Amino acid sequence: MTDQYAVRVRGLRKRYRDETAVDGLDLDVADGEIVALLGPNGAGKTTTVEILEGHRDRDAGEVSVLGTDPRRAPLRWRRSIGIVPQSARDLSELTVAESLRHFARYYPEARDPDEVIGLVGLTGKAGALVRTLSGGQRRRLDVGLGVVGRPRLLFLDEPTTGFDPEVRRAFWALIRALTTGDGTTVVFTTHYLDEAEALADRVAVIVSGRIVAEGDPATLGGRATAEATVSWRDGTALRSRRTGDPASVVAELTARYGGPVPGLTVTRPSLEDVYLTLIEDGTR
Amino acid sequence: MTLPTGAVPSPAILGLHRGLLELRAFFRERDAVVFTFALPAVLLALLGSLITGVYEGSTVTSAQYLVPSMIAAGVASTTFVNLGISIAADRDDGTLKRLRGAPVPPSAYVLGKVFMVLVISVAEVVLLLAIGTLMFGVDLPAEPGRWLTFGWVLLLGVAGCSFLGIAVSSLARSGRSAGAVMNLPYLVLAFISGIFFTPVSALPEPLLRLGALFPLKWMAQGFRSAFLPDTILSHEVTRSWEHGRTALVLAVWCIGGLLLCLRTFRWRGHGER
């Protein structure tokens with residue numbers, strides 16, 4: 001039933017001269033799903049995505065993207081794929097509008113380029129040369145070029161690297177606005193946890209070319225069921241207890257203090273804690 | 001899964017659109033524009049002013065002889081050198097990668113480039129002819145036949161040199177090294193084709209034979225036949241314009257260049273495997 005999967009990867013391997021970039025990676029992405037490939041630099045995220053995009057050859061493994069092997073995909077397969085590359089310096093002497101109008105020509109069901117300019121928030125910059133855009137504006141143009149053909153599957157490679165927090169949040173809102181409701185499947189790479197948590201339905205953590213964990217960002221790595229730490233202040237001393245059942249510890253403390261527990265906190269491991277543990281275990 | 005089947009423009013139409021887009025970008029890059037047009041123009045004006053003399057048995061001055069030759073050299077430089085460098089730059093800055101990621105037929109890209117350099121070449125010819133007539137008293141031909149000769153030599157020359165430039169650009173490792181990769185063969189070719197060393201028949205026999213293998217010599221000869229009076233024929237290698245052979249050599253380079261460029265042209269750069 002490959003029809004339900006936008007992306008299906010089994011045993012993917014890729015070696016560069018003397019280093020293994022992807023080492024037996026399996027991945028399924030359901031139609032309409034938004035999946036983050038999360039991992040440190042050099043984990044094999046970009047290589048994996050470039051193989052899925054048909055930009056790179058693989059050494060071994062089976063890959064199906066929209067039911068087609070990207071290695072032998074016909075030109076019209078590209079009409080259903082949108083790509084936002086990691087860094088682009090092209091189109092510098094053209095304007096935003098010229099670039100989008102030109103690329104809209106290549107697709108049979110293209111969006112209206114002027115509408116895309118509005119969608120990505122570049123209305124005021126439509127007539128500006130691309131080389132005069134700021135980093136964030138340039139990235140939004142790249143997204144516009146990625147979606148102008150109305151793709152069914154959109155790839156974004158580290159879309160917000162180098163952004164300040166405010167621009168990143170605005171960018172996330174853009175991706176959400178572009179993808180919710182129309183069933184676009186999205187695969188993006190990031191090394192930011194908050195980005196994965198904010199955008200993805202599912203996170204796959206890649207370390208050393210393999211997927212070491214995957215799941216809902218809230219439950220990743222057993223995060224929801226991990227032991228919690230209950231801390232409180234006992235006079236001047238800070239006390240804490242690790243427990244699988246924090247509610248009963250708090251109830252017990254409440255009874256002991258006969259009311260509010262001084263300095264009470266209950267913490268679960270953050271996504272970052274889980275992630276760092278996964279990376280450590282994965283590289284070991 | 002079904003892939004969309006809707007209609008998109010043919011590669012030829014897309015190529016035309018790409019050509020217009022490339023031209024727009026080219027003319028916005030002022031440094032490149034000045035360099036492309038000024039180099040052959042300044043060379044022609046300087047060399048033409050420095051050399052004196054009239055060719056024996058004709059009324060053609062050394063400067064006039066230089067005009068069609070420099071037009072050929074200018075066209076070869078635009079089509080071969082500039083095109084090769086621009087493709088290497090497209091590879092460097094991600095243009096090729098973006099096009100490869102979109103449903104763009106490679107033929108549309110190649111056509112766009114050839115269309116772009118054809119337009120630039122025509123503009124260059126106009127500029128060099130203006131210098132030739134205003135500074136050196138070259139008479140523009142009155143007979144339509146000569147313009148026709150000029151037309152087909154230009155078209156075949158532009159196409160042949162463009163395909164060759166596209167093919168050779170694959171050898172450059174980066175946009176920065178492309179200048180060297182493209183310019184060295186071009187300069188050697190210009191010398192052995194009798195562009196700077198005139199008249200062509202004064203070249204040593206082995207160099208002449210080598211030059212005759214490449215399109216530049218034939219383009220220059222074809223342009224001389226269009227713009228110079230036939231009295232200069234005694235200074236041509238075979239004392240004839242050899243239009244048949246010119247057409248043949250240029251056509252062979254067009255076909256060979258196209259085949260070579262289809263074989264060697266890659267969307268991807270070195271190390272992107």
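**Figure 1. Seven bridges join strand β10 (residues 228–234) of chain A to β11(A) in an antiparallel arrangement.** The model is a predicted one, in which local features need pLDDT of at least 70 and side-chain atom pairs count only at pLDDT 80 or more, while totals for chains, interfaces and linings use all residues. Residues are numbered from 1 along each chain as its sequence is written, and chains are lettered from A and ligands numbered from 1 in the order in which they are written. Helices (H or I, at least four residues) and strands (E, at least two) are DSSP runs numbered from the N terminus; two strands are taken to pair if DSSP finds at least two bridges between them. The bridge partner of A:D234 in β11(A) is A:A237. Two residues lie between the strands of this hairpin, and A:G235 takes a positive phi near 70°. Strand β11 (residues 237–243) of chain A is hardly covered, with zero buried residues among its seven. A residue counts as buried if 20 or more other C-beta atoms lie within 10 Å of its own, as exposed if 12 or fewer do, and as partly exposed in between, with C-beta atoms placed from the backbone.

**Figure 2. Six strands of chain A form an open sheet with mixed pairing.** The strand order is β5-β6-β7-β3-β8-β9. Strands β5 (81–84) and β9 (210–215) of chain A are the edge strands, each pairing on one side only. From one strand to the next the twist averages 15°. Strand β8 (residues 202–207) of chain A pairs with β9(A) in the antiparallel sense over five bridges, and the partner of A:I206 in β9(A) is A:I211.

**Figure 3. Helices α1 and α4 of chain A pack on the sheet.** Helix α1 (residues 45–52) of chain A touches β3 (34–38), β6 (153–157), β7 (185–190) and β8 of chain A. Its direction makes about 150° with that of β7(A). Helix α4 (residues 135–147) of chain A touches β5 and β6 of chain A, and its direction makes about 170° with that of β5(A). Axes are lines fitted to C-alpha atoms, for helices over the stretch in contact, and angles run from 0 to 180 degrees between N-to-C directions. Residues are in contact if their C-beta atoms, placed from the backbone, lie within 7 Å.

**Figure 4. Chain B contains ten helices and zero strands.** The C-alpha trace of chain B spans about 75 × 35 × 35 Å along its principal axes. The radius of gyration of chain B is 20 Å, which agrees with the value near 19 Å for a compact globule of 273 residues; this radius is taken over C-alpha atoms, and the globule rule is 2.2 Å times the number of residues to the power 0.38. Buried residues account for 45% of the 273 residues in chain B. Of the contacts in chain B with a separation of 6 or more, 82% join residues 24 or more positions apart.

**Figure 5. Helix α3 (residues 62–92) of chain B crosses helix α6 (residues 144–169) of chain B at roughly 30°.** The two axes come within 8 Å, and α3(B) and α6(B) are therefore roughly parallel to each other. Angles under 35 degrees count as roughly parallel, over 145 as roughly antiparallel, 65 to 115 as roughly perpendicular and the rest as oblique. The crossing of α3(B) past α6(B) is right-handed; a crossing is right-handed if the near helix is turned clockwise from the far one by less than a right angle, and left-handed if anticlockwise. Residues making the contact include B:V75, B:A76 and B:T79 of α3(B) and B:L154, B:G157 and B:V158 of α6(B).

**Figure 6. α3(B) also packs against helix α9 (residues 215–227) of chain B, the axes crossing at roughly 140°.** These axes come within 8 Å. The helices α3(B) and α9(B) are therefore oblique to each other, and their crossing is right-handed. Among the contact residues are B:V67, B:P68 and B:I71 of α3(B), and B:L216, B:M219 and B:F223 of α9(B).

**Figure 7. B:L96 lies in helix α4 of chain B.** B:L96 is buried, because 24 other C-beta atoms lie within 10 Å. Not counting residues up to four places away in sequence, B:L96 touches B:D90, B:R91 and B:W267. The C-alpha atoms of B:L96 and B:M70, 26 residues apart along the chain, are separated by 32 Å.

**Figure 8. In the contact between the chains, 26 residues of chain B meet 28 residues of chain A.** On the side of chain B that touches chain A, α1 (11–28) and α4 (95–101) of chain B each supply at least two residues. The largest share of that side, six residues, comes from α1(B).

Technical notes
Contact = placed C-beta atoms within 7 Å.
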